[in-house]
Amino acid sequence: MKLLSPAELLARLDRALALLTGGARDLPERQRTIEGTIRWSYDLLGPDERALFRRLAVFAGGWTLEAAEAVGAGGDVRAEEVLDLLGRLVAQSLVVVEGRADGATRYRLLVPVRQYAGRLLDELGEREAAAGRHAAHYRQLAEDLGPELTGPRQVEWLERLEAEHDNLRAAVGWALASGRGELAVGLVYALRRFFWARGEYGEIGRWMAAALDGDALSAGARARATYILHLMGYRLGAEAPAWAPAEIAATLRAAGDLTGAADVLLLAGVYALRAGDTAGAVAPLEESRELYEAAGDEQGAAQTLVFLGGIPLSEGDYARAEGYFARGLALARRSGNAMSIHVALYHLALAAQGQGEYHRAGGYLAETLLLGARARDRMNVGLALVGLAECAAALGRPERAARLYGAADAVFAGLGASFRPLHADAAFHERYLRLAGAALGAGVFEAARAEGRALPLEEAVEYGLAADAPAESRRVARGERDAGAREAD
């Protein structure tokens with residue numbers, strides 16, 4: 001602290017062992033440096049305890065007992081011995097125990113301790129084996145939990161997976177770096193809805209591009225990687241890619257992955273909608289719906305219904321579009337899947353806006369804002385904030401609209417994206433922006449928008465649901481549902 005500021009210390013924490021070397025001269029040798037203290041504790045361990053300690057260095061962001069058993073077992077260490085060995089490491093203050101709100105127990109290594117264990121792992125040539133077991137464990141976890149992300153407990157499972165976020169990223173990174181693209185693609189594909197909800201579009205796209213550059217992918221893995229690459233590109237505003245979705249869907253269908261095939265065709269239809277090719281969207285969306293229904297996937301079928309409604313929406317036939325959206329919402333609510341409910345509500349808001357019913361649109365948007373916030377789905381939060389800004393502009397609240405636009409700007413910037421209309425009619429959205437700007441004047445509008453950009457995400461959500469929001473929004477925030485949503489049920 002005498003030599004470096006807190007900010008400079010923070011910047012050097014990845015070299016903590018080398019940094020923290022100057023202990024007091026009147027202390028025993030083992031207490032003069034961080035490394036000396038850790039080495040002294042390590043030397044007190046037995047062979048099996050040392051082996052487990054070194055292997056724990058492959059974890060990022062903590063781990064569960066099950067994960068420790070999967071990664072720590074090997075050689076003379078049996079899985080059933082790991083709990084006892086872990087307890088001894090805790091007793092030596094080498095491992096930290098952490099409780100969680102959901103009742104699960106997690107463990108972690110402090111940064112300098114992990115650095116020391118990792119150095120030993122490398123020096124003894126053990127990293128490859130430990131990292132391989134780590135990646136295999138999280139690939140299996142992904143396959144076990146992936147299906148849960150389409151069900152009614154989606155938000156709960158997203159939160160559980162959030163605790164493993166760093167480990168999942170580490171597993172994918174190791175798999176790609178070690179030439180195991182098949183493993184990396186399998187993990188990401190199984191958890192594609194998690195990564196989608198967390199907004200890591202650029203990084204996931206780069207991962208899949210790296211996997212596709214390799215030569216070792218099977219036809220199925222190549223199809224899955226191509227789909228995920230274009231899925232993430234869609235969220236980042238990419239133009240419709242030159243790809244063969246029908247062939248990719250056929251590959252997945254042949255492998256028995258009906259939901260995956262339906263996902264690919266849904267994406268093809270949505271790309272066509274955004275490009276203004278409503279005629280080209282019909283066939284892939286209809287086939288997608290058939291596949292979802294064959295797979296018994298209600299949340300997927302609900303989304304396809306909604307995007308089929310995007311065709312009359314793009315043509316300005318808002319009443320007809322609303323019929324599709326209401327049916328999609330009913331099916332989404334029956335599935336209980338938060339993401340599908342969001343898609344339906346957002347489109348119902350667009351239809352209500354198109355018919356000049358801005359209070360009703362605000363109600364739909366308030367609910368979808370809450371859903372996005374609870375799922376930590378920042379893109380959907382951003383879309384809801386834009387919708388609420390548009391309603392505020394139409395209802396004569398231009399200053400509120402400007403702040404909401406600014407809050408949405410900040411959300412999109414954090415994702416490395418920008419607002420991109422889901423359908424071709426960009427003028428539909430631009431008129432509200434112009435309306436608010438004209439009401440305030442350029443200077444006042446930009447100042448208010450800057451205030452919105454400065455809001456932290458939680459405050460932006462609260463502002464979207466504030467007391468001066470449309471009355472329908474306040475009712476939804478209190479857990480009440482508007483008549484239209486109840487009728488859709």
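**Note on the predicted model**

1. Glutamate 322 has a relative accessible area of 15% and is therefore buried, the cut-off for burial being under 20%. Helix α19, residues 318-335, holds this glutamate. Leaving aside neighbours within four places in sequence, its contacts are Leu348, Ala351, Gln355, Arg360 and Tyr364. The C-alpha atom of glutamate 322 also lies 8.0 Å from that of histidine 347, and 25 residues separate the two along the chain. As with everything below, this describes a predicted model.

2. For the chain as a whole, the secondary structure amounts to 28 helices and 2 strands. The chain has 489 residues, and 52% of them are buried. Among contacts with a separation of 6 or more, 67% join residues 24 or more positions apart. The exposed surface is about 20,800 Å², with carbon and sulfur atoms supplying 52% of that area.

3. Nonpolar side chains in soluble globular proteins tend to be buried together. In this model the largest nonpolar core contains 157 residues. Phe53, Leu56, Trp63, Leu187, Leu191, Phe195 and Leu385 have the most contacts inside that core. Helix α20 contributes the most to this core, giving 12 residues.

4. Tryptophan 63 is one of the core residues with the most contacts. Which residues does tryptophan 63 touch, not counting those up to four places away in sequence? They are Leu56, Ala68, Leu86, Val95, Thr105, Arg106, Tyr107, Arg108 and Leu109. Leu56, a partner in this list, is likewise named among the core residues with the most contacts.

5. Empty space left between atoms can be found by rolling a probe the size of a water molecule over them. Here the count is 4 cavities of 30 Å³ or more. The largest cavity holds about 440 Å³ of space. Its lining is made up of 23 residues, and those nearest the centre are Trp196, Leu231, Leu266, Gln303 and Met339.

6. Which helices each supply at least two residues of the lining of the largest cavity? They are α12 (192-197), α14 (219-235), α16 (258-274), α18 (298-314), α20 (338-354) and α22 (378-394). The largest share comes from α20, with 5 residues; α20 is also the element that gives the most to the largest nonpolar core. By class, the cavity lining has 14 nonpolar, 5 polar and 4 charged residues.

7. The largest pocket has a volume of about 440 Å³. It is lined by 23 residues, with Pro147, Tyr189, Ala190, Arg192 and Asp257 closest to the centre. At least two lining residues come from each of α8 (127-145), α11 (181-190), α12, α14 and α18. Helix α11 gives the most, with 5 residues. The pocket lining divides into 7 nonpolar, 7 polar and 9 charged residues, whereas the lining of the largest cavity counts 14 nonpolar and 4 charged.

8. Is arginine 449 buried or exposed? Its relative accessibility is 14%, so arginine 449 counts as buried. This arginine sits in helix α25, which covers residues 442-453. Beyond its neighbours within four places in sequence, arginine 449 is in contact with Ala402, Tyr405, Gly406, Asp409 and Leu433.

9. Glycine 363 belongs to helix α21. With a relative accessible area of 1%, glycine 363 is buried. From C-alpha to C-alpha, glycine 363 and leucine 465 are 9.8 Å apart, although 102 residues separate them in sequence.

10. Most residues other than glycine have a negative phi. Two residues in this model can be set against that rule. Serine 93, which is not a glycine, has a positive phi of about 60°. Serine 93 is placed in the loop between α6 (82-91) and β1 (96-99). Its relative accessibility is 59%, so serine 93 counts as exposed.

11. Arginine 376 also has a positive phi, near 55°, and is a residue other than glycine. The loop between α21 (358-374) and α22 contains arginine 376. Because its relative accessible area is 41%, arginine 376 is partly exposed.

Technical notes:
Residues are numbered from 1 along each chain as its sequence is written. This is a predicted model: local features need pLDDT of at least 70, side-chain atom pairs count only at pLDDT 80 or more; totals for chains, interfaces and linings use all residues. Side-chain values use heavy atoms; hydrogens and water are left out. On a 1 Å grid over the protein atoms alone, a cavity is a set of points where a 1.4 Å probe fits but cannot get out, and a pocket is an open set with protein on both sides within 12 Å along at least five of seven lines; lining residues have an atom within 4 Å of a point. Grid points are joined across faces, edges and corners, and a volume is the space filled by probe spheres set on the points. Helices (H or I, at least four residues) and strands (E, at least two) are DSSP runs, numbered from the N terminus. Ala, Val, Leu, Ile, Met, Phe, Trp, Tyr, Cys and Pro count as nonpolar, Asp, Glu, Lys and Arg as charged, and the others, Gly among them, as polar. A nonpolar core is a set of buried Ala, Val, Leu, Ile, Met, Phe, Trp, Tyr and Cys residues joined through side-chain atoms within 4.5 Å. Buried means under 20% relative accessible area, exposed over 50%, partly exposed in between (1.4 Å probe, protein chains only). Contact means heavy atoms within 4.5 Å. Accessible areas come from the Shrake-Rupley method with a 1.4 Å probe; for residues, only the protein chains shown count as cover.
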